[in-house]
Amino acid sequence: MNQTAQQDLRDEEIVALCQKGQSEVFEVLVRKYMEKAFRIAFDFTHDVEEAKDLSQEAFLRAFSRIKQFDGRSSFYTWFYRLVVNICLDHTRRKGRVIWERLERETEHGTEPMEIADASSLPDQEAMAGEAKRRADRTLEAMPNKQRTVFLLRNHQGLSIPDIAKVMKTTEGTVRVYLHRAVAALRQSLVEFV
Amino acid sequence: MKEPRDTLQTACRDFEEDLVLHYYGDGSEAERNRVEAHLKECAPCRVFLEDLRKLLPQMAKTNEMPQSFWDNYYRETVEKLAAQEGRRYWWRNLFAPMRAWMLPAFGTAAVAVFAVALVVSKGHWHLPLSQTQERIPQEILADTNQLEFFEAMDMLESLSKLEPLDGTKVETGNSHG
């Protein structure tokens, strides 16, 4: 099967081929989901190398478990779950390290987040930088599930039903987590609005 | 530039969760209509929604990675997948040199060798019987020889006892002298 034909395949067809032993087709899924997987991991880690390692680990895990995929959910919700679980495990292991890194960033500064009418003026840049750090700290301080729901909805654009599938919970719970996360962020960033 | 706010203006408690969903475009048609109707008459809820519109899109912004990063990422991932596949089916590598043509070739060669051996031996296949004897330890063979000697001696003794009963004298070497 040539590359063009492979890229036209639906996820479920690719998975079926992998399950039959055509493992090289899995590379199409890598190409398709690598940016999303990396961005989720980056939202959790804020570190390019760690995000790369974690998202690649998710692909390896998906590949080794592809025969266990039963098609009850779509491939991408199954794969997102793997990515999120790997990131959460990593966050639990490195919780303290993340806090230390945030402290370092506070001291040395980081790329500012553009809030409100931020322009190139130094005081406004500093303010935007502070807003970014505050937002990161608020996110880090959130319970894991709350943060995950927020990142999947706000950063990844997943729908609430899909987030519920990824996190194996109800849509009502997802709504509650999302509301809490957004309210907490607004509260911490009120002075920057 | 606007002056930053220090105080948080809260939205109506009953609507706050719906406002978050409204911002993301989630919720049913009925929920959306209900929120929009409420927003027309509630200033704090309008401020809440406006805050979300200012804050949340900025938070979702990510740095774009260059194409070279994605090319490397893809190549590395494929390499890691291949390495994992290699570890998983390591036993296949053992037989990797065994190409499809090798099995019939080796089979044919084995048959040929067997046929040649059959012709050379002219069909006479003997098991080396002497090997069974060779396997008996020398000590046991020596004991066997001694046993035969003692049996012969016993027989001679028996002959001398039988002589009186028979009434005849067995001629010995002395009678000739």
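Begin by selecting A:Ala41 in this predicted model. Beyond its neighbours within four places in sequence, A:Ala41 contacts A:Ala51, A:Leu54, A:Ser55, A:Val83 and A:Cys87. Keep A:Val83 displayed as well: in the largest nonpolar core, which comprises 60 residues, A:Ala41 and A:Val83 are the members that touch the most others. Next, colour helix α3 of chain A, residues 26–45, which contributes the most to this core, with 10 residues.

**The α3–α4 pair**

Add α4 of chain A, residues 48–64, to the selection. The axes of α3(A) and α4(A) approach within 8 Å and cross at roughly 135 degrees. Angles over 145 degrees would count as roughly antiparallel and those from 65 to 115 as roughly perpendicular; α3(A) and α4(A) are therefore oblique to each other. Their crossing is right-handed. To see the contact itself, show the side chains of A:Phe26, A:Val30, A:Ala37, A:Phe38, A:Ala41, A:Phe42 and A:Thr45 on α3(A). Opposite them, on α4(A), show A:Val48, A:Glu50, A:Ala51, A:Lys52, A:Leu54, A:Ser55, A:Ala58, A:Phe59 and A:Phe63. Coloured by class, the contact of α3(A) with α4(A) comprises 12 nonpolar, 2 polar and 2 charged residues.

**Chain A as a whole**

Now widen the view to the whole of chain A. This chain has 10 helices and 0 strands, so that a cartoon view follows the pattern α-α-α-α-α-α-α-α-α-α along the sequence. Of its 193 residues, 35% count as buried. Among the contacts in chain A with a separation of 6 or more, 57% are between residues 24 or more positions apart.

**Where chain A touches chain B**

Display both chains and select the residues in contact between them: 39 residues come from chain A and 31 residues from chain B. On the side of chain A that touches chain B, the elements giving two or more residues are α3, α4, α8 (144–155) and α10 (171–189). The helix pair examined above, α3 and α4, is thus included in this list. Colouring that side of chain A by class gives 21 nonpolar, 7 polar and 11 charged residues.

**A cysteine in chain B**

Finally, move to B:Cys42, in the loop between α2 (29–41) and α3 (43–59) of chain B. Is B:Cys42 buried or exposed? A residue needs 20 or more other C-beta atoms within 10 Å to count as buried, and 12 or fewer to count as exposed; B:Cys42 has 17, and is therefore partly exposed. Select B:Cys12 as well and draw a distance between the two C-alpha atoms: B:Cys42 and B:Cys12 are 30 residues apart along the chain, and these atoms are separated by 8.4 Å.

Note on methods
Residues numbered from 1 in each chain as written. Chains lettered and ligands numbered in written order. Predicted model: local features only at pLDDT ≥ 70, side-chain atom pairs only at ≥ 80, totals over all residues. Core = buried A, V, L, I, M, F, W, Y, C linked by C-beta atoms within 7 Å. Helix = DSSP H or I, 4+ residues; strand = E, 2+ residues; numbered from the N terminus. Contact = placed C-beta atoms within 7 Å. Nonpolar A, V, L, I, M, F, W, Y, C, P; charged D, E, K, R; others polar. Axes fitted to C-alpha atoms, helices over the stretch in contact; angles between N-to-C directions. Parallel < 35°, antiparallel > 145°, perpendicular 65-115°, else oblique. Left-handed = near helix turned anticlockwise from the far one by under 90°.
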